[in-house]
Amino acid sequence: MTNPNGNLLEVKNLRTYFNTEDGEVKAVDGISFQLQRGETLGIVGESGSGKSVTNLSLIRLIPSPPGRIVSGEVLFDGVDILSLPEAEVRKIRGRRIAMIFQDPMTSLNPFMKISRQLMEITQLHLGLTKAQAYEHAVKMLETVGIPDARSRADNYPHEFSGGMRQRVMIAMALSCQPQLLIADEPTTALDVTIQAQILELIKTLKQATGTSVILITHDLGVVAGMTDHVIVMYAGKVFEQAPTGELFARPGNPYTKGLLRSVPDPTDERGELYQIPGLPPDVARLPPGCPFAPRCDRAEEICRQEFPPFVQLTSEHFSLCHFANEVYETSK
Amino acid sequence: MNDDRPTIPGDQDQPEPGLTPDPAPSYRAGDVIHTAPEFAIADADVLAAERGDVIAGTSLWRDAWRRLLKNKLAVFGMIVVLIITVASVAGPSVIKRINGLTPDYIPTEVAALRSLPPLTAPDGSFSWLHPMGTDNQGRDLLARVLQGGQISLLVGVIATLVSLLIGVSYGAVAGYLGGRIDNLMMRFVDVLYSLPYIIVVIVLLALFRSQTGRGQVILLFIALGSVSWLTMARIVRGQVLSLKNEEFVLAARATGVSTPRIIFRHIVPNTLGPVIVYATLTIPTIMLTEAFLSFLGFGVQPPLASWGSLATDGIQNLGIFPWQLVFPGVTMALTLFSLNFLGDGLRDALDPQMRKV
């Protein structure tokens, strides 16, 4: 992740705030990360950690009256998306950066045939004719494994099951062979067997087309199986970032450790499941100091007073903690 | 898609039996995914419809149509409207061909043919020539009623279309853009709403009086259409407000679709249910307004006739020659009822599934 050249995506100090009745909510408060070509990055966090807002900020889909991107840079292939005019950003969306959403039930327009929804993208971005776009749509449906794609292409979304709809979303996203695919909790709304299929689908398609993937999830199991690097978010900040194997083997942050401990271990005979005590903070009213301090079992007075530093543990492993080195040393 | 995809050995085989119910394999060798049988489409995830058990898919419109047909009153309304429309459109030409009478034909032997009762000849004997009698100038009433139908229906439909066009665009834009623009636009609507619209229409018509009959009718379209778009705008705005936060709108924006396209291609089609219902109910309202205007003398001018103007003429001789009012009046009332029944039926047929989103 420290490769200075050839990074497909470089996010620098992204801040997205929302003006609400409760005050200014700093949903994303100074996030930085990089993504290399062909790589899969996982973004892990609890609800409210800011992971979805990060994604939407990357392609500037934040609803603008309450929210705004306050500062930061999003360098996509060297060009800062945040400084482009809206028309240029629209050319990137769908064409070079594609996004799939969490709930396939509601992500498709219920009044439009699947074929039309697929065709719109290629007609818009690639300038295909209606006939070409239709053929392309059928081909994409076949690629994602829709049975009988040609006769099903003219069906409506409600005629597909949940897993099928998610496949359709993936087909839509990959229609123009984007350089980056952002998958926002793509399997959360699906049952477990379908989850495995969808993830495998994403993985195989990614290998075949060389697309880079940002995978957002709260499921550590998914992260372990799919990603090259991981960032762990909490209260709008990056708490830890590391290559996946390293993060699981040697976490450097108490929060990450807590998350890993929370994953139920089927071989564990003890009765109770571990959970990190307390609740995620109200991002509108963050305490000074480390946002995780109220819940951290490692916390000391300095954690409550001072905001922790972003400590570099190895060349690719960083942790936001006053005691990062110590935590790192003591994890196995 | 690039074609130098890696093929994974072993996928050249047939899919494992029992996993895909289809007789023919649904994926073929060389395809990138689903090459390992354990990742083939799980039986559990395939709906009966996807398996091919159901032959035809149903769209939401077809369901609505089926539901509409079950509503007897609505079907009655639909049929009556259809009959009257066809009769109005084709009637005058048919009558002309049969007995050479046109709606504005004033016969030369004027005195004898004035105000004939229905089915009567000038000498008092039975005659098929004038099934509805004649008016006080000797014109065949049936032909006039049918032509009246043409004009009334035309005014109703086209003025509704005008109000539809203005109302839907206005409401959709206001609803989607939201914020201050929406506020401004809807306050403007509120102001217009408070004006007594009959007076506005009368003023418009008085200012722009047209010389030709046809010109007057076109003026009516515009005048009536431009005061009746307000409720349509409100309805559409409400729908758009609730739809614009749906995830499919976000998904569409994420594929780079521009705002006007989102509004008119993605959101507005989803609002068609209430729009259709309201449009069907606007037509009779406009027809009644036009009748009232004719009563005041601002509607169609002779020799053109609308049901309203015919009724107005008929009132003058109500005691003596009642048929001159009864026929146009009953026909108009029948049409209005039928349109209302149809509108109610459409509302019942379309409403539940609009909520299914």
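Let me start with a crossing in chain B, where helix H12(B) passes helix H13(B) in a right-handed sense. Please keep in mind throughout that what we are looking at is a predicted model.

H12(B) covers residues 272-296 and H13(B) covers residues 307-316, and the two pack at an angle of about 45° with their axes 7 Å apart. An angle of that value makes H12(B) oblique to H13(B). If you want to find the contact on the screen, look on the H12(B) side for Glu290(B), Ala291(B), Phe292(B), Ser294(B) and Phe295(B), which meet Trp307(B), Gly308(B), Ser309(B), Ala311(B) and Thr312(B) of H13(B). Sorted by class, this contact has five nonpolar residues, four polar ones and one charged residue.

Staying with chain B, let me step back to the whole chain. How many helices and how many strands are there in chain B? The count is 14 helices and zero strands, so that reading from the N terminus one meets α elements from beginning to end. Chain B has 357 residues, of which 39% count as buried. If we take the contacts in chain B between residues at least 6 apart in sequence, 68% of them join residues that are at least 24 apart.

A second helix pair in chain B is worth setting beside the one I began with. Helix H3(B), residues 72-99, packs with helix H5(B), residues 141-177, at an angle of about 135°, and their axes are 8 Å apart. H3(B) and H5(B) are therefore oblique to each other, and their crossing is left-handed. On the H3(B) side the residues in contact include Ile84(B), Val89(B), Pro92(B) and Ile95(B), and on the H5(B) side they include Leu142(B), Leu146(B), Gln150(B) and Leu153(B). By class, this contact has nine nonpolar and six polar residues, and no charged ones.

Now to chain A, and to its strands. Strand S1(A), residues 7-20, runs antiparallel to strand S2(A), residues 23-36, and 11 bridges join them. The connection from S1(A) to S2(A) is a hairpin of two residues, and as one example of the pairing, Glu10(A) has Gln34(A) as its bridge partner in S2(A). S1(A) also pairs with strand S4(A), residues 67-76, again in the antiparallel sense, over eight bridges; here Arg15(A) has Ser71(A) as its bridge partner in S4(A).

After S4(A) comes a residue that I would like to point out. Asp77(A) is placed in the loop between S4(A) and strand S5(A), residues 79-80. The phi angle of Asp77(A) is near 55°, a positive value in a residue other than glycine. Is Asp77(A) buried, exposed or partly exposed? With 16 C-beta neighbours inside 10 Å, Asp77(A) counts as partly exposed.

There is also an open sheet in chain A, made of eight strands in the order S6-S7-S8-S3-S9-S10-S12-S11, with mixed pairing. S6(A), residues 97-100, and S11(A) stand at the edges with a single partner strand each, so one side of each is left without a neighbour in the sheet. Neighbouring strands of this sheet are turned by 20° against each other on average, ignoring direction. Within the sheet, S9(A), residues 229-234, and S10(A), residues 237-243, pair in the antiparallel sense over six bridges, and His229(A) has Pro243(A) as its bridge partner in S10(A).

Towards the S6(A) end of that order, helix H6(A), residues 162-174, lies across S6(A) and S7(A), running at about 170° to S6(A). The loop between S7(A) and helix H7(A), residues 192-209, holds Glu185(A), whose phi is near 45°, again a positive value in a residue other than glycine. Glu185(A) has 20 C-beta neighbours inside 10 Å and therefore counts as buried.

Let me finish with Ser315(A), which lies in the loop between S11(A), residues 310-312, and S12(A), residues 318-320. Ser315(A) is exposed, with 9 other C-beta atoms within 10 Å. Which distance separates the C-alpha atoms of Ser315(A) and Ala242(A), 73 residues apart along the chain? The separation is 9.2 Å.

Note on methods: Residues are numbered from 1 along each chain as its sequence is written. Chains are lettered from A and ligands numbered from 1 in the order in which they are written. This is a predicted model: local features need pLDDT of at least 70, side-chain atom pairs count only at pLDDT 80 or more; totals for chains, interfaces and linings use all residues. Helices (H or I, at least four residues) and strands (E, at least two) are DSSP runs, numbered from the N terminus. A residue is buried if 20 or more other C-beta atoms lie within 10 Å of its own, exposed if 12 or fewer, and partly exposed in between; C-beta atoms are placed from the backbone. Two residues are in contact if their C-beta atoms, placed from the backbone, lie within 7 Å. Two strands pair if DSSP finds at least two bridges between them. Axes are lines fitted to C-alpha atoms, for helices over the stretch in contact, and angles run from 0 to 180 degrees between N-to-C directions. Angles under 35 degrees count as roughly parallel, over 145 as roughly antiparallel, 65 to 115 as roughly perpendicular and the rest as oblique. A crossing is left-handed if the near helix is turned anticlockwise from the far one by less than a right angle, and right-handed if clockwise. Ala, Val, Leu, Ile, Met, Phe, Trp, Tyr, Cys and Pro count as nonpolar, Asp, Glu, Lys and Arg as charged, and the others, Gly among them, as polar.
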